[in-house]
Every structure is written in C-alpha cells, then in structure tokens.
Amino acid sequence: MRLISKSPRETKDAGKRLGRKLRAGDTVCLYGDLGSGKTTFVKGVAGSLGIPEREIASASFTIISEHEAKPPLYHIDLYRIDSEADLETTGVYDYIGGDGIAVIEWAEKMPETEVAVRVAINIFPGDEREIVIEGMEEDP
Amino acid sequence: MLILGVDTSCDDTAASLLSAEDGNIEIVSNVVSSQTAVHSKYGGIVPELASRKHLEMIWPVVEEAMSGIGLDKLDAFSVCHGPGLIGSLLVGCSFAKAVCYSTGTPLVSVNHLEGHVLSAFLENPIPEFPFLSLIVSGGHTCLYRVEGFMKYTELGRTRDDAAGEAYDKVSKLLGLGYPGGMQIERLAKEGNPKAIKFPRAYLPGTLDFSFSGLKTAVKLALGSQGLSPAGGMATRDIAASFQSSVIDVLVRKAEWAIKKTRIKRLALSGGVASNSALRERMKEMAEDKEVELYAPRPALCTDNAAMIAFAGYRHFLANDIAGLDLNPKAHLPL
C-alpha cells in the first residue's frame, strides 16, 4: 500500500489505520530518514490502542519504551545503536514476537526480521511524505 | 554519615561519596567513567550502550569514589533505578543490592530526574519551597513544580525529542561529533543566529515542549542549500540559528511557567544546562523578571552520582528505605 501524507496529522492517521489491524506478537519495522515522521507514525499506532498520544515521545534515549495497553506497545528506537553487541545487550530481541506489538524505528540497524510489517517513509519535496506499507493485508 | 550514590542509567557509570550531617552535605568524591582515567586503565573500545561496559566499570568507579574507605563504613547506599536503559540500570541496582545484602547497609532508590532536580543544590543552599525546576538533557526536557523533597508535580515535558537529543541529531546532520551540545555551542559562537529563521514551537496554552520539527527544519535547510557537511560559514550559521531557536523556546517556556505559577524561584539542570549561551539568556530573563535562578556548575549538570547520593540522603532522612527486591524501570515518571 502506498499513500501520500501532507501533514503530521495525516501521518498519524496512517499509523492509526495500521494500528487497528495489528495483533499481539506483530512487529512493525519503520524505515525513514531523520525528520520523516517515524515517531509521529508511532503516535498514531499508539492512538489506535488507546494510549494517549502525549505518552509517545522519541525513544532514542532509552531505546525501548513500554506502553501499557491491550496488547502492550513496545516502542523501539535503534538510532543510537552502532553494533550487533549493542543490539543484543539492549534486550531488543526479547520484545519481538512476544505478548505485545513491537514498533521499531531505524529498523535498518538490525538484521531483517521475518514476518514483519515494513513501513517506509520518504520525504518528498514540498514537505510531503510518501508512506509505503508492505506485509499487511490490504483492506477488502 | 556517609552515603554512596551510584548511577548507571545511561552511557556513563557514575559513583559519588557524600558526607552528610543535619541536612548539610559535602561531596567527598564524584567519579564519572567517561571523564576519568578509569576508562584508559581497561583500554580498548567498548560499546557505549552495552551493559557489559557498566559491568566492567562499576567496581573500579566505585572503588575510586570510596577513596580508600571500606564499603562496610557506609551508612546508606543510594542507587538510581530509572528512568534509563534497562540493561544498564540493572547493573547498578544489582550491585547496590549485593553490597547492601552483604554489609547490611540500608538501600535507597532514587529517580534519575529527582537527582537532576536536586543537583542545582549540591553546592547551593536549598531555596524556599515551592520552586520550579527545568531539566534539559539528552533524554529529558521537563518542567516541574517542586513543593518539597519528594513532592514533584509535572507541568510540562517534551512531546517528541528532548532538547539535548535535538543537539545530538543536528550535530550528526552537520557532520560534527558527539556529544553534539559541545560541538554546536562552539560553532554557534562564530555564527549568525539570525541567518536562518528556524521554527520555534512555543505550543501556546501548554508548558510542553517539541523539538522534533526544529530538527526536521534543519535537515530540510541543509537539503535545499545543498550544503556539504564540511565546516564553512553556513555550518556556523546553521548551528547558531538552531541554538537560538532552542534557547528562545526554553527561556520563553520558563518565563510562562513563572508567570502562570507566580513562583519566583527557578532551578535549571541537566546536561544542556551546561551550555553557556542558555545559562546567559536564562540569567538575563531571571534578572528581568526578578527571579532567583539556581544552576549547578557545568560538571554537575551532566549525569553524575553526587545528585543521586544527595537525593538518596533526603529519602533516608524521610525513612524511605528500599527493599532488596528493588527492580529498575526503564520508564519511571517522577
């Protein structure tokens, strides 16, 4: 699925629509440059799970941010990860395919996860964003 | 009494010994792994984020902080149990629990943010309550109303990136090194803060912050001008213009908080509070508004364990002792 977002609100809405289809154990890999709107997209996913949007901020500092919901949301941000050793000691793998939904920013910093939904956000001229979602069944 | 503080919440392993009596404190030692020779003793490059690094550093850092005094001479052990990286926090907490179990020393647990709030008073007397506290660091940007020790009310926080995180990310965009704060501050001194009109997210009606849009604006400005990340006039101007946007927002939000709460005492702390341009602008605002401003010296702005020992001392005085079943938490609101 491919769509164009003209504002942070539309990016959030796209996250919300995807969030509604996600189930416990699902993993969403987010790809996109600095400032493309990855965290904004996560705010949308969180919103669909009933998590207050204000609770979602950048997770770059703590790498993993847990949010209680049914199912819980694990907001993961690999921006600061530089090596495979870092990745393992942060405990990221414990959160994938577990009891919650794992959404991973800067997913290119880890080996490809099988059975993951892939979301790529590209910055277009004129402040537009192209959002490409793969691995999720299309709406009937 | 002697109290040891330990903080392993993020990249640095920190330990500090405090001597305290009747509410007065004296810093006996203050050791941070990244700033001492401890690091070089072990040589080699260790992954910054790895909890394994904390495991290697915790003993030598604590030993240096104890300055030859035995751990059995401690009257309390204060450890930071969050917020932070869970694997890193675990090292500090497990170490503290093991020492307290074997020596019978009372264990006290402290929120990292509480440490930052009180860091402004490690070397200044505590002002009259209530006061406002603005913490600006790589992981946090938040504003509190402090009614007393252990009585904190959040007035605002960042909705996306922390101010220090914006510095680090912009520094990377400009091809500068880490930590970004120091690099940008240095470059900004030579640049024109009015060269580029970057956005300022004041978020009227709230005391929340947002720095994500600023980061994006810097990225877009770089793209449109096709700048190479290698030095030059434009990089200086971008650094200066970016910094002036961050400082404008922080100062104005502090001003709004003062106006809204009518509290005329403000503490400024966290790593970004070591930025001299921010300190200068905040000082001007405070003088203009007749506000008492408290800021620790730069070395106590960044992560340290003296602030953890100090906050732990207040918990100890309040008889707030932690159990040996203490567990660290990555997400821990103050």
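This report walks through a predicted model of chains A and B, from their interface to a few individual residues.

## Where the two chains meet

Let's start with the interface. Chain B brings 33 residues to the contact, and chain A brings 26 residues. How big is an interface like this? The size of an interface is often given as the accessible area lost when the parts come together. Here the area buried between chain B and chain A is about 2,400 Å², and carbon and sulfur atoms give 57% of that area.

There is polar chemistry here too. Nine residue pairs are in polar contact between chain B and chain A, counting pairs with both residues at pLDDT 80 or more. On the chain B side, the elements that give two or more residues to the surface touching chain A are α2 (51-66), β8 (151-157), α5 (163-173) and α7 (212-225). Helix α5(B) gives the most, with five residues. Sorted by class, the side of chain B that touches chain A has 15 charged, ten nonpolar and eight polar residues.

## Salt bridges between the chains

Over all chains, the count comes to 20 salt bridges. How many salt bridges cross the interface of chain B and chain A? The rule finds four. One salt bridge to look at in your viewer is formed by the side chains of Asp33(A) and Lys219(B), at 3.0 Å from N to O. Asp33(A) sits in the loop between β2 (27-32) and α2 (38-48) of chain A, while Lys219(B) belongs to helix α7 of chain B, so this pair joins two chains. Asp33(A) is partly exposed, with a relative accessible area of 40%.

## Salt bridges in chain B, and a network

Now for two pairs that belong to chain B. Glu165(B) and Lys169(B) form a salt bridge whose closest N and O atoms are 2.8 Å apart. Both residues lie in helix α5 of chain B, four residues apart, or about one turn of the helix. Are these two partners buried or exposed? Glu165(B) is buried at a relative accessible area of 6%, and Lys169(B) is buried at 4%. In addition, salt bridges that share partners link Arg54(A), Glu154(B), Arg157(B), Arg159(B) and Asp208(B) into one network.

The other pair is Lys73(B) and Asp72(B), whose side chains meet in a salt bridge at 3.7 Å, N to O. Here Lys73(B) is exposed, and Asp72(B) is exposed as well.

## Cysteines without disulfides

If you are thinking about disulfides, the structure holds zero of them over all chains. Why does Cys93(B) have no such bond? The closest cysteine sulfur, in Cys80(B), is 7.1 Å from the sulfur of Cys93(B), which is too far for a bond. Cys93(B) counts as buried, at 1% relative accessibility.

Cys142(B) is likewise in no disulfide, and its nearest cysteine sulfur, that of Cys80(B), is 13 Å away. Cys142(B) counts as buried too, with a relative accessibility of 5%.

## Three residues up close

His54(B) is in helix α2 of chain B, and this histidine is buried, with a relative accessible area of 1%. What does His54(B) contact, leaving aside its neighbours within four places in sequence? The residues are Thr8(B), Cys10(B), Asp11(B), Asp12(B), Thr13(B), Ser88(B) and Val91(B).

Ser5(A) lies in strand β1 (residues 2-5) of chain A and counts as buried at 1% relative accessibility. The side chain of Ser5(A) reaches the backbone oxygen of Ser7(A) at 2.9 Å. Not counting residues up to four places away in sequence, Ser5(A) touches Glu10(A), Thr11(A), Glu128(A), Arg129(A) and Ile131(A). Back in chain B, Ala295(B) is found in the loop between β10 (292-294) and α10 (298-301). At 24% relative accessibility, Ala295(B) counts as partly exposed. Ala295(B) touches Asn124(B), Leu268(B) and Arg279(B), again not counting residues up to four places away in sequence. Between Ala295(B) and Cys93(B) there are 28 Å in space, C-alpha to C-alpha, and the two are 202 residues apart in sequence.

Note on methods. Residues numbered from 1 in each chain as written. Chains lettered and ligands numbered in written order. Predicted model: local features only at pLDDT ≥ 70, side-chain atom pairs only at ≥ 80, totals over all residues. Heavy atoms only, no water. Contact = heavy atoms within 4.5 Å. Buried area = accessible area lost by both parts, 1.4 Å probe. Polar contact = N/O pair within 3.5 Å; in protein donor to acceptor, adjacent residues only side chain to side chain. Nonpolar A, V, L, I, M, F, W, Y, C, P; charged D, E, K, R; others polar. Disulfide = S-S within 2.5 Å. Buried < 20%, exposed > 50% of the residue type's maximum accessible area, 1.4 Å probe, protein only.
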